[in-house]
Amino acid sequence: MNDSINTWEISNRINLYLIDAIPEEHFKDISASKGRTVGEQLAHIHNVRLMWLQASMPQLMATVSKIEKDAITKKLLADQYTKSAKAISQLLEKGLAEGKIKGFKPHAQAFLGYLIAHEAHHRGQIILSLKQSGHHLDKKILFGIWEWGTK
């Protein structure tokens, strides 16, 4: 397997690990500075993936669905993250082979970096929102999101 695709898949497994660790009743938690709830941030990560699929390779949209604010559950998030991650892997495979992703500059490797940075940013916001709401994640989980060699 291509190292870039493997890196993307590890990042997605970290997201799934985090989703699994958050009790569903805490999806309504929100940061002190307001904005999206934890559940909405999780849905946003997936929905941004769909935005890029639609712009760059719309034929990959057949297996994925947008997650609406009123439909957020752990099961739906896990199912859709798995499907959108697979579709993004296919987009990356094509983009890496061609050296570009339609609609993104400068190149396919930068697109991978952009996706991972975007999702990691929201993981941090989610963890902060939970903390500010008094729902601290276990230290095992907090360290676990950095264990890329075992995830």
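**Arg 123**

I started with Arg 123 in this predicted model, and found a buried residue without a salt bridge. I looked for a partner anyway: the nearest side chain of opposite charge is Glu 119, at 4.9 Å. A salt bridge needs nitrogen and oxygen within 4 Å, so I left Arg 123 down as unpaired. I placed Arg 123 in helix α4, which covers residues 108-132. Which residues does Arg 123 touch, leaving out those up to four places away in sequence? I noted Ser 11, Ile 14, Asn 15, Leu 18 and Trp 148.

**Glu 119 and its partner**

I then checked Glu 119 and found that it has a salt bridge with Arg 49. I read 2.8 Å between their closest N and O atoms. Arg 49 sits in α2 and Glu 119 in α4, so this pair ties together parts 70 residues apart in sequence. Are the two ends of this bridge buried or exposed? I have both Arg 49 and Glu 119 down as buried.

**His 122**

Next I went to His 122, also a residue of α4. Its relative accessible area is 5%, so I put His 122 down as buried. Setting aside neighbours within four places in sequence, I listed Arg 36, Gln 41, His 44 and Ile 45 as its contacts. I also took the C-alpha to C-alpha distance from His 122 to Ile 45: 7.4 Å, for residues 77 apart in sequence.

**Helix α3: length and buried residues**

I moved on to α3, residues 74-98, and checked its length. At 1.5 Å a residue, its 25 residues should span 36 Å, and I found the end C-alpha atoms 35 Å apart, which agrees. Just past the helix I noticed Gly 99, with a positive phi of about 85 degrees.

I went through the buried residues of α3, among them Leu 77, Tyr 81, Ala 85, Ile 88, Leu 92 and Gly 95. Which helices do the buried residues of α3 pack against? My list reads α1 (3-21), α2 (38-56) and α4.

**α1 against α3**

I looked at one of these pairings more closely. For α1 and α3 I got an angle of about 170 degrees, with the axes 10 Å apart. Roughly antiparallel starts over 145 degrees, so that is how I describe α1 and α3. On the α1 side of the contact I noted residues including Ile 5, Trp 8, Asn 12, Leu 16 and Ile 19. On the α3 side, those I noted include Leu 77, Tyr 81, Ala 85, Ile 88 and Leu 92. Asn 15 turns up again here, as one of the α1 residues that meet α3, having already appeared as a contact of Arg 123.

**Salt bridges within α3**

How many salt bridges does the model have? I counted four, and looked at two in α3.

Lys 75 pairs with Asp 79, with 2.8 Å between the closest N and O atoms. They are four residues apart in α3, so about one helical turn separates them. Lys 75 is exposed at 59% relative accessible area, while I have Asp 79 as partly exposed at 32%.

Lys 94 and Glu 98 also meet in a salt bridge, at 3.1 Å from N to O. I again found a spacing of four residues, about one turn of α3. Lys 94 is partly exposed at 37%, and Glu 98 is partly exposed at 47%.

Technical notes:
Residues numbered from 1 in each chain as written. Predicted model: local features only at pLDDT ≥ 70, side-chain atom pairs only at ≥ 80, totals over all residues. Heavy atoms only, no water. Buried < 20%, exposed > 50% of the residue type's maximum accessible area, 1.4 Å probe, protein only. Lys, Arg positive; Asp, Glu negative; His and termini not counted. Contact = heavy atoms within 4.5 Å. Expected span 1.5 Å × (residues − 1). Axes fitted to C-alpha atoms, helices over the stretch in contact; angles between N-to-C directions. Parallel < 35°, antiparallel > 145°, perpendicular 65-115°, else oblique.
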